[in-house]
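Work through the exercises below with the sequence and the coordinates at hand. Each task is followed by a solution in steps.

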Amino acid sequence: MTTLIIKSINGVVVKKFKLNLSFVLVTVLLGACSDGKDGANGTDGTNGNGGIDGAVGLNSLVMQTELNMGDSNCWMGGIKIDSGLDADRNGALATTEVTSTSFLCNPDNFGTTGERLSYTVMRNELENYYYPGSTFEVRNGGYGSDMDGHPMNTTQFYALTDRGPNSNYRTSQEGAPHGNGKKFPTPDYTPRIGLFAVQSTGDIAKIKDILLKDRDGNNISGLPNSAALGGTGEVPYTTDGEVIRADMTQPYDEVTNPAVYDDYGLDAEGLAALKDGTFWVSDEYGPHMVHYDANGKEIGRINAFTADIRTDAINTDYGLKINLPAEFANRWANRGMEGLAITPDQKTLVGIMQSSLDNPSKNRTDLTRIVTVDLETGNISQYLYRQVKGSNSNSAIKALSNTSFLVLERDGAFYNKGDETAQKHVYKIDISGATDLEAVAAMGDIEQNSNLGLIIAGKTIEQVINDAVDYDAGWAELAAKNILPVTKSTSPVVDMVNEVSYPHDKMEGLWLIDNTRLGVINDDDFATWSEATIGGPLGQKYLDTNNTVVDGNTLYIVDGLDLSPIQ
């Protein structure tokens, strides 16, 4: 052991340490030596034992399922493709194992060009006014006055015809010898309901016809009603300008051989297909709302004519006598109850008039009326609807809920004949916040007239609008009396001109398929048209200015719409 003394510069011992000499020597020696070369690597050690095998991986599975027509994801049918890992290792893809789903849907062209319904030919020997020396076809199509979905099959629909082929024949313009009326090329035509099915090919097949019948089971006609039951003096004529009369071998005589009218005759325009298999049909003659069984036989009727015994409780399947408000008998001729619906609870009929009533005389406004009929109680309510422009036509109504509806509003223009302002719209409406005209109490200058309905300062509702400085002023006058129309969407749910360059003049039927799909169909007038010149000449109905494209019933289906009720 060696003692190390450290002194300060003045000789005073500051610190004293005892050191091991060997440690010092080693330290000195190590500090004085440099590093040597690395030695050679040693021999690799022996490999270790193999590890335990990992678990077997899961297989990825894909399952394809064929989808039938009417599927909510592929309405035209197609294939559903599911994929995922086989977690339970049984070689089958369980629902709980699906991690991805896609669809390969069959294509369709309903939303672009539409699909035409088939037809037969009733007459083909009449001269075609538009091509002198040639003839045209009176076609047994006509399925487009309205339509409604089959309540139990989402790929089938019912389509309604009107009274049959006809054309205006007026004394002042065409020279009708015995007063204004209609020419009927096939006066024995029976209005009918056709059942159609959309095929996976995109074609439309007619399954059957349901001919409309009276209470005794006899086929009805489309000839006008008598004046007492809604007839507006339309005299029925043949295509030769002869009055259709009781004895066609004898001359017409107003007393001894008068014109033939049919009080069961319908100019059918609105259709509601019920879950029990029956149908309600509204028309332009009465207007009438007629209940038919599944075979087309009349079992009930509602109209504005209290003397009509067919509306008596004993003659209705629902055991009530129900009459529409009397003012509905003051319809604008040929513009009656164009649309009809049944609420989802199957309890209430909802009808819409095509245009303003002539109440009590001619009125041309932007106002139409909606009527609801509770089939359990007989209670009736009335509401007002404001059109986009005056004298438009409301041609269909379909229920989204018990208070919300789709309403078809159109003009009579042909887009492909150069009228780019053609209007073919569908709107949402709701009646919840609208004024029920039947519930408005008489007060001050407001009264309820038994023949004309609600009267304000001596004027009917139609007159208030018609006689004002403009329509806005008329509606403001109603609002001042707390009379409000139905709520209406500010823009259309669908504008068919924008959607498909819609070529038809009479867009008249709606089919509510589901919450996003809407079917639309037109009335083709049996491909028959007439001109307002002397003689009321007939011809083929064309869609274009060159008279080359013949009109026909065409189904369009528009997808991607919001068809939920107004909240």
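**Exercise 1. Which residue caps the N-terminal end of helix H4, and through which atoms?**

Step 1. The model is a predicted one. In it, aspartate 470 is the residue that caps the N-terminal end of H4.

Step 2. One of its side-chain oxygens lies 3.2 Å from the backbone nitrogen of aspartate 472.

Step 3. Past the other end, just after H4, asparagine 482 has a positive phi of about 60 degrees.

**Exercise 2. Which residues of H4 are buried, which are exposed, and what do the buried ones pack against?**

Step 1. H4 spans residues 471–480, and Gly474, Trp475 and Leu478 are buried there.

Step 2. These three residues lie on the same side of H4, because they cover an arc of only 95 degrees around the axis.

Step 3. The spacing can be set against a general rule. An α-helix has 3.6 residues a turn, so residues three or four places apart point the same way.

Step 4. Asp472 and Ala480, on the other side of H4, are exposed.

Step 5. The packing partners of the buried residues are strand E22 (367–374), strand E23 (380–386), strand E28 (453–456) and helix H3 (461–466).

**Exercise 3. Trace the strand pairing on both sides of E28 in sequence.**

Step 1. Strand E27 (residues 446–449) pairs with E28 in the antiparallel sense, over 4 bridges. Within this pairing, isoleucine 446 has isoleucine 456 of E28 as its bridge partner.

Step 2. The connection from E27 to E28 is a hairpin through 3 residues.

Step 3. E28 also runs antiparallel to strand E29 (residues 459–460), joined by 2 bridges. Here isoleucine 456 stands opposite lysine 459.

Step 4. E28 and E29 form a hairpin with 2 residues between them, and alanine 457 in this turn has a positive phi of about 50 degrees.

Step 5. Isoleucine 456 therefore appears in both pairings: as partner of isoleucine 446 and opposite lysine 459.**Exercise 4. How many residues of strand E26 are buried, and which strands pair with E26?**

Step 1. E26 covers residues 424–430, and 7 of its 7 residues are buried.

Step 2. A general rule helps to sort the side chains. In a regular strand the side chains alternate between the two faces of the sheet.

Step 3. Lys424, Val426, Lys428 and Asp430 point one way from E26, while His425, Tyr427 and Ile429 point the other way. Both sets are buried.

Step 4. Strand E25 (residues 404–410) runs antiparallel to E26 and is joined to it by 7 bridges. Arginine 410 stands opposite lysine 424 in this pair.

Step 5. Strand E31 (residues 494–495) pairs with E26 over 2 bridges, in the antiparallel sense. Histidine 425 is opposite aspartate 495 of E31.

Step 6. Strand E30 (residues 487–488) is likewise antiparallel to E26, with 2 bridges. The bridge partner of isoleucine 429 in E30 is lysine 488.

**Exercise 5. Is histidine 504 buried or exposed, and which side chains make polar contacts with it?**

Step 1. Histidine 504 sits in the loop between helix H5 (496–500) and strand E32 (507–512).

Step 2. Buried means under 20% relative accessible area. Histidine 504 counts as buried because its relative accessibility is 1%.

Step 3. Its side chain makes a polar contact of 3.2 Å with the side chain of asparagine 522. A polar contact of 2.8 Å links the side chains of histidine 504 and aspartate 551.

Step 4. Leaving out residues up to four places away in sequence, histidine 504 touches Ala413, Lys424, Asn522, Leu543, Asp551, Gly552, Thr554 and Tyr556.

Step 5. Lys424 in this list is also the residue of E26 that arginine 410 faces.

**Exercise 6. In what order do the strands of the sheet with E3, E4 and E5 lie, and what does UniProt list for residues 59–105?**

Step 1. The 3 strands form an open sheet in the order E3-E4-E5, with antiparallel pairing.

Step 2. Strand E3 (60–67) and strand E5 (98–105) are at the edges with a single partner strand each, so one side of each has no neighbour in the sheet.

Step 3. On average, neighbouring strands of this sheet are turned by 20 degrees against each other, direction ignored.

Step 4. Strand E4 (residues 78–85) pairs with E5 over 7 bridges. Glycine 78 stands opposite cysteine 105 of E5.

Step 5. According to an unreviewed UniProt entry, residues 59–105 are listed as "domain: DUF7151".

Step 6. Over residues 59–105 the chain is 0% helix and 51% strand, with 27 Å between the end C-alpha atoms.

Notes:
Residues numbered from 1 in each chain as written. Predicted model: local features only at pLDDT ≥ 70, side-chain atom pairs only at ≥ 80, totals over all residues. Heavy atoms only, no water. Buried < 20%, exposed > 50% of the residue type's maximum accessible area, 1.4 Å probe, protein only. Arc of directions from axis to C-beta. Contact = heavy atoms within 4.5 Å. Polar contact = N/O pair within 3.5 Å; in protein donor to acceptor, adjacent residues only side chain to side chain. UniProt positions renumbered as here; feature names shortened; annotations may be inferred. Pairing = 2+ DSSP bridges. Axes fitted to C-alpha atoms, helices over the stretch in contact; angles between N-to-C directions.
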